[in-house]
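Thanks for coming, everyone. Please have a look at the structure on the screen before I go through a few of its contacts.

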Amino acid sequence: MHLQHQSCPARLSDDTATLCELQVTPPLPYCAHHYREYCTLQEKARAAGREGDTVKELTDRRAADGLDTYTTLREIKTAREVAELYRGALDRQLEVGNELRVRFVCANASETQDELEARRDGATALIRKIAERERVLGMEEKARSAAIELRSILSVPHKPFSCTESPESATVSTSSGRQCPTIKLTSQRCTQMLDAEQRLCMMHIVTHASISIFVRSSWNDMEASRVKVAQVEVGKGSMSNDAKAANGYIMKVNDVVEELQRHQETYSCRAPAVHDALVGDLRKRMVAAMLVLGELKGSQEYHLALRQGHVEVWASENLASVIKEGNFAGDVATGAIVGAGLCAVFGGPVTIGAFVGGAALWARHAAGKNKSM
């Protein structure tokens with residue numbers, strides 16, 4: 001009995017309809033060459049299937065848990081890598097299955113391809129969601145790093161207070177016959193004329209010195225308060241005490257800023273650019289303290305601003321309300337503090353004379369609002 005030989009049904013490549021012309025030796029379905037190739041492709045498909053099955057459970061679990069459970073970039077990157085491994089295994093299965101279907105006319109390959117394509121589409125959608133979550137976490141991490149960098153200014157001590165009258169801090173003419181630059185409480189300029197090398201008239205030299213004592217005292221209080229805020233570690237201390245320290249520092253810095261503004265307006269001690277830089281640094285420190293306060297309280301608005309990268313804007317916008325609350329609490333005691341402070345400095349009641357201008361100016365510095373006194 002003679003075996004009937006037939007031509008190998010395998011196609012020569014996946015982009016042509018040309019069939020192999022070699023004879024098949026039963027029971028092999030293809031010629032020896034194409035049978036080896038067929039077996040190799042089948043093994044590749046099985047290997048890709050085993051790899052896909054290994055990571056499929058992990059991928060499905062991540063999809064079921066919800067991506068919001070991932071709160072760090074490290075976790076979400078791991079989830080993305082697992083999902084990409086799964087999709088890569090499905091891609092290889094599909095590629096091999098397509099070659100088997102086209103070149104070796106495997107009928108069951110088409111049915112398997114449909115299932116694999118559906119699974120790959122699901123993996124692709126999951127990767128897209130993971131990428132979005134990773135983008136959000138990346139923004140949060142970037143914003144958090146920026147907030148930490150901004151907060152680092154709180155660890156830098158304030159430079160010692162100085163109110164120099166040198167040419168470097170204010171433009172001083174050496175010619176005589178100049179008018180004293182001091183702006184009085186009536187918003188009018190002092191009418192006293194100055195001698196050469198004199199920046200202020202004699203009375204305002206005295207008042208300037210007396211007021212500078214109080215500004216320096218406020219400055220030192222602000223520095224002491226900064227030390228407390230710089231030591232705050234969120235989650236490691238008393239939240240109420242730490243929040244109180246942050247609030248206190250914000251109010252002290254705000255007081256100093258207001259005092260410096262009024263001092264500059266009255267005596268013009270610093271060049272405008274130098275004064276603006278000093279005030280800008282202090283306001284930046286207030287914003288940094290607001291970030292500490294926001295992290296301590298953990299409000300939804302704060303975390304939303306953090307996620308969106310607008311935490312500095314949030315701090316600036318909410319700073320006014322913190323200052324307003326602090327001012328309301330402090331206004332009641334302002335008069336008593338001013339009187340007690342003046343008595344402590346001068347050793348008794350302030351008399352009418354050389355110190356009256358300084359006392360009145362300091363009252364305006366401390367109260368800040370009543371210019372009719």
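Which residues are linked in a network of salt bridges? They are Glu37, Glu99 and Arg103, where a salt bridge is a side-chain nitrogen of Lys or Arg within 4 Å of a carboxyl oxygen of Asp or Glu.

Before the details, please note that this is a predicted model, in which local features need pLDDT of at least 70 and side-chain atom pairs count only at pLDDT 80 or more, while totals for chains, interfaces and linings use all residues. Residues are numbered from 1 along each chain as its sequence is written, and side-chain values use heavy atoms, with hydrogens and water left out.

In one link of the network, glutamate 37 pairs with arginine 103, with the closest N and O atoms 2.5 Å apart. Glutamate 37 lies in helix H1 and arginine 103 in helix H2, so this bridge ties together parts that are 66 residues apart in sequence; helices here are DSSP runs of H or I, at least four residues, numbered from the N terminus.

In the other link I want to show, arginine 103 meets glutamate 99 at 3.1 Å, N to O, and both lie in helix H2, 4 residues apart, about one turn of the helix.

As for accessibility, buried means under 20% relative accessible area, exposed over 50%, and partly exposed in between, using a 1.4 Å probe and protein chains only. Arginine 103 counts as buried at 4%, whereas glutamate 37 is partly exposed at 22% and glutamate 99 is partly exposed at 23%.

Key:
Helix = DSSP H or I, 4+ residues; strand = E, 2+ residues; numbered from the N terminus.
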